[in-house]
Each structure stands twice: as structure tokens, then as C-alpha cells.
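Good morning, everyone. I have one structure for you today. Please bring it up on your screens.

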Amino acid sequence: MRIFLAGLFFCFGVTAPALAAEKSRVLKLDYAIYVGGFRTIDINLNTTLRADRYDIKLGLKGDGLLDWLFKWTMRASSEGQISQGVILPRRAGHNSVWRGKKRSVRLEFPDKGFPTATVTPVLKQDDRKPVPLDKRLGTRDLAGAILSYLMTSGVTDSCARSEPVFDGRRRYNLVFANETNVSLRKNSYSPYAGPALRCTLKLEKIAGFRTKTSRSRWVSEGSARVWIARAFEGALPIMVRLEMDTGFGGLVAHLVGAQQSYDGANTQLTALPTNKH
């Protein structure tokens, strides 16, 4: 799920001059996730960006058969500072429920020292080794890494970049590569139409991963294809589409609704009738 969630967080971009210090930009985004042609997950993302700080919140809920089988929900958050164009995460984490089992993760990124993680309940022992402290230095949480990526690369119309991530148990790099510029048409899944940059996103494992492949893994650890675009003229790039392979068929994420509030003005893309199966 790491590369899947990375793609979903691939929607927060801002350059240092884009936000005045006294103003905030609020983005509210809604996504529908289809697996094998069936709608399985609904996601909402709320982001507040200022010149000197950011606050990201994510809500995820299983839909249809997935919800009936697993009752999956998650609430995630990430917050930190923006200093001279550099993302400095401070706190991040999530609360989730999967098959009735609750779990919470809290990440702390101090000004000095190593990032720390608190996981509740305590994780069971398996064949993975803890991430060494020295490999945590210079890392960010997942959402902070995506924001850092887009702050430095999003305005150049280029995907190529690598971002280091520590999620509390694993250390990995998100590796982005260029593909091509495309034009998307509005359809019954998404209200966005217009130019977009298509990128590839891969996960490079560093530490904290299991040495044996889990039989229950349903999402490919290969790569995802992500489309980013400026849904609002002169505003920030957001993810409008994501595709990847899973053990149950192709996974496609569609942007179904978007709203932006900035400098007293509200603009939005109206969600079209959804294709629930």
C-alpha cells in the first residue's frame, strides 16, 4: 500500500512565492478508487498551505465489496514547516481499522536528532530488522516527501527526482521518472479535462522490509503511473489520475471532485455522476 498511498499524496505542490505569508490556500479533493472495474475505496484530502507551514489530512473508507469484507478505514495527517522552500516535517501519523483491528502510528521529526515512531499496538516480531538510526536522518514522512518533491520539481514540468521516506517501520525512496505530456478528456469518472504530465513512481527499498514475500500482498510493489495537472488556472498541481497493478486487477484512482479556497475566492470542479458497480 505504500506506493498506492504515495500516489494519492501526489497532489500537494507549492513554490515559495506562490503563497503570501498572511494568506492560506485550502484544497479539498475527492477520489474514487476502482479495482478490477469495481469501486472499492473513497478518499478525501484536505490540505492547508501557508508560506511557512502546511497541514495535510486524509480520510479513507472502503466501499462496496472491500468494505463488506474488511471494514477498512483510515485517518492520516501530516504537518510541518516550510523554510526557504525546504519542507521540515514535525508530526505525522494515522489511525486505521482493518478487519476490526485498530492501529495507530505517530511520527515525530525533531529539529535535531533522529525521527521517532510510536506504533500502537506494538508490532509483532517478524523477519524484518529495525531501521538503523543513521538511515532515518534526512527523511520525511510520506506526505511531507511528496510535498517536498513538488516544491522543487513540480514547477519545472519534470518528474525526475528521488525523495527519502521513513514511515515508522520502513525506510525507502520514492523514485519519480519522466514519461510524457498528455491531454485528458472529461468523462463520467472525472470532471477534469486538459493537459497533464504523466509520471512513473517506483519504490526503492532501503531498510525495514520483510525478507520473505507476503502471500497476502495484493498491491504490486512495482510501479504506478500518475497524472498531475493544474485543475485550477494559475494554482497548484494536483493528481487527477493514478494507475497500478494489483492481484485483483488494475487499480485506477480518479479525481471526482476538487475545491480550492484562496484569497477570498472559491473555485471548484464539480463531480460528475459516479460509476458505482
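Let me start with a question: does R90 count as buried or exposed? R90 counts as buried, at 17% relative accessibility. The cut-off for buried is under 20%. One caution before I go on: this is a predicted model.

Stay with R90. Its side chain meets that of D111 in a salt bridge, 2.5 Å from N to O. This pair links distant parts of the chain. R90 is in strand 5, residues 86–98. D111 is in the loop between strand 6 and strand 7. The two residues are 21 apart in sequence. And D111 itself? At 64% relative accessibility, D111 counts as exposed. So here a buried arginine meets an exposed aspartate.

How many salt bridges does the structure hold? The count is 11. I will show you two others.

Take R225 and E243. Their closest N and O atoms are 3.5 Å apart, and they form a salt bridge. R225 lies in strand 11, residues 219–229, and E243 in strand 12, residues 238–246, so the pair ties together parts 18 residues apart in sequence. R225 counts as partly exposed, at 25% relative accessibility. E243 counts as buried, at 19%. There is also a network to point out. R39, D42 and D63 are joined into one network by salt bridges that share partners.

Look at one link of that network. D42 forms a salt bridge with R39, with 2.8 Å between the closest N and O atoms. D42 is partly exposed, its relative accessible area being 25%. R39 is buried, at 11%.

Now the strands. Strand 1 covers residues 25–35, and strand 2 covers residues 38–49. They pair in the antiparallel sense, over 11 bridges. To find one of those positions, go to R25: its bridge partner in strand 2 is L49. Strand 1 and strand 2 form a hairpin, with two residues between them. Which residue in that turn has a positive phi? It is G36, with a phi of about 60 degrees.

Strand 2 has another partner to look at. Strand 3, residues 53–62, runs antiparallel to strand 2, and nine bridges join the two. L45 stands opposite L58 in strand 3. Here too there is a hairpin: three residues carry the chain from strand 2 to strand 3.

Next, the cysteines. The structure holds one disulfide. Which residues does it join? They are C159 and C199, with 1.9 Å from S to S. The link is left-handed, with -60 degrees about the S-S bond. C159 lies in the loop between helix 3 and strand 8, and C199 in strand 10, so the disulfide ties together parts that are 40 residues apart in sequence. Is this pair buried or exposed? C159 is buried, with a relative accessible area of 0%. C199 counts as buried too, at 1%.

While you are in strand 10, find T200. T200 counts as buried, at 16% relative accessibility. What does T200 touch, leaving out residues up to four places away in sequence? Its contacts are V175, F176, A177, E179 and A224.

Now move to L255. This residue sits in strand 13, residues 249–262. L255 is buried, with a relative accessible area of 0%. Leaving out residues up to four places away in sequence, L255 touches a list of residues that includes L29, D30 and Y31. Also among them are Y189, S190 and P191, then I238, M239 and V240, and L269. One more distance here. L255 and Y192 are 63 residues apart along the chain, yet their C-alpha atoms are separated by 7.6 Å.

Last stop: the surface. Which residues form a nonpolar patch there? They are F114, L133 and L137, and together they have about 270 Å² of accessible area. F114 lies in the loop between strand 6 and strand 7. That loop also holds D111, the salt-bridge partner we began with. F114 is partly exposed, with a relative accessible area of 34%.

That is the tour. Over to you for questions.

Key. Residues are numbered from 1 along each chain as its sequence is written. This is a predicted model: local features need pLDDT of at least 70, side-chain atom pairs count only at pLDDT 80 or more; totals for chains, interfaces and linings use all residues. Side-chain values use heavy atoms; hydrogens and water are left out. A disulfide is a pair of cysteine sulfur atoms within 2.5 Å. Helices (H or I, at least four residues) and strands (E, at least two) are DSSP runs, numbered from the N terminus. Buried means under 20% relative accessible area, exposed over 50%, partly exposed in between (1.4 Å probe, protein chains only). Two strands pair if DSSP finds at least two bridges between them. A salt bridge is a side-chain nitrogen of Lys or Arg within 4 Å of a carboxyl oxygen of Asp or Glu. Patches are made of residues with over 30% relative accessible area and no salt bridge: like charges are joined within 9 Å, nonpolar side chains (Val, Leu, Ile, Met, Phe, Trp, Tyr) within 5 Å. Accessible areas come from the Shrake-Rupley method with a 1.4 Å probe; for residues, only the protein chains shown count as cover. Contact means heavy atoms within 4.5 Å.
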